[in-house]
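Student: I've got a model open and a pile of labels to go with it. Can we go through them and ask what earns each one?

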Amino acid sequence: MPGLLRGIARTAAIAGTATAVSNRVSRRQAGRWARQSQEQAHAPAEQPAGGGAGGDVLSQLEQLGELKQQGVLTEEEFQAQKARILGT
């Protein structure tokens, strides 16, 4: 009987240690993910090569399309400006 109790106690100690280690690893990984999420949220958004103070890319493309429809820009000028805005 004492051998059985010793085996049960050893198993319980090993299981408890494994659980504690597993929980610590999970908490540490969750902390890393939280820090990465915060860093990404606080990182400045990348501007394309042609982007600038004129607003976001979509609004710039909309304005460019309107200028083309109004006849202010030729097809070649439109394509050149679109490529500049998109950074291609």
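Tutor: Sure, let's take the labels one by one, keeping in mind that this is a predicted model.

Student: Start with the overall fold, then. What makes the pattern α-α-α?

Tutor: The protein chain has three helices and zero strands, and read along the sequence that gives α-α-α. Helix 1 covers residues 2-42, and helix 2 covers residues 57-69.

Student: How much of the protein chain is buried?

Tutor: Buried residues are 8% of the 88 residues. The protein chain exposes about 7200 Å², with carbon and sulfur atoms supplying 57% of that.

Student: Why is arginine 24 called exposed?

Tutor: Exposed means over 50% relative accessible area. Arginine 24 comes in at 53%, so the label exposed applies. Arginine 24 sits in helix 1 and belongs to a positive surface patch together with Arg27, Arg28, Arg32 and Arg35.

Student: What makes that patch positive?

Tutor: Its members are Arg24, Arg27, Arg28, Arg32 and Arg35, and Arg counts as positive.

Student: Which residues form the nonpolar patch on the surface?

Tutor: Met1, Leu4, Leu5 and Ile8, with about 480 Å² of accessible area together. Leucine 5 is one of them, and it lies in helix 1.

Student: Why does leucine 5 count as exposed?

Tutor: Same routine: the cut-off is over 50%, and leucine 5 has a relative accessible area of 54%, so it is exposed.

Student: How do you know that lysine 68 and glutamate 75 form a salt bridge?

Tutor: The test is a side-chain nitrogen of Lys or Arg within 4 Å of a carboxyl oxygen of Asp or Glu. For lysine 68 and glutamate 75, the closest N and O atoms are 2.8 Å apart, and the structure holds one salt bridge.

Student: And why are those two called partly exposed?

Tutor: Buried is under 20%, exposed is over 50%, and partly exposed lies in between. Lysine 68 has 32%, so it lands in the middle class. Glutamate 75 has 37%, so it counts as partly exposed as well.

Student: What about valine 57: why is it partly exposed?

Tutor: Its relative accessible area is 25%, so valine 57 goes into the partly exposed class. Valine 57 is in helix 2. Valine 57 and isoleucine 85 are 28 residues apart in sequence and 6.7 Å apart in space, C-alpha to C-alpha.

Student: Last one: where does the name "SHOCT" come from?

Tutor: From the UniProt record, an unreviewed entry, which places the feature "domain: SHOCT" at residues 59-86. In the model, that span is 82% helix and 0% strand, and its end C-alpha atoms lie 12 Å apart.

Technical notes
Residues numbered from 1 in each chain as written. Predicted model: local features only at pLDDT ≥ 70, side-chain atom pairs only at ≥ 80, totals over all residues. Heavy atoms only, no water. Patch = residues over 30% accessible without salt bridge, like charges linked within 9 Å, V, L, I, M, F, W, Y side chains within 5 Å. Areas by Shrake-Rupley, 256 points an atom, 1.4 Å probe, with all protein chains shown as cover. Charge placed at Lys NZ, Arg CZ, Asp CG, Glu CD. Helix = DSSP H or I, 4+ residues; strand = E, 2+ residues; numbered from the N terminus. Buried < 20%, exposed > 50% of the residue type's maximum accessible area, 1.4 Å probe, protein only. UniProt positions renumbered as here; feature names shortened; annotations may be inferred.
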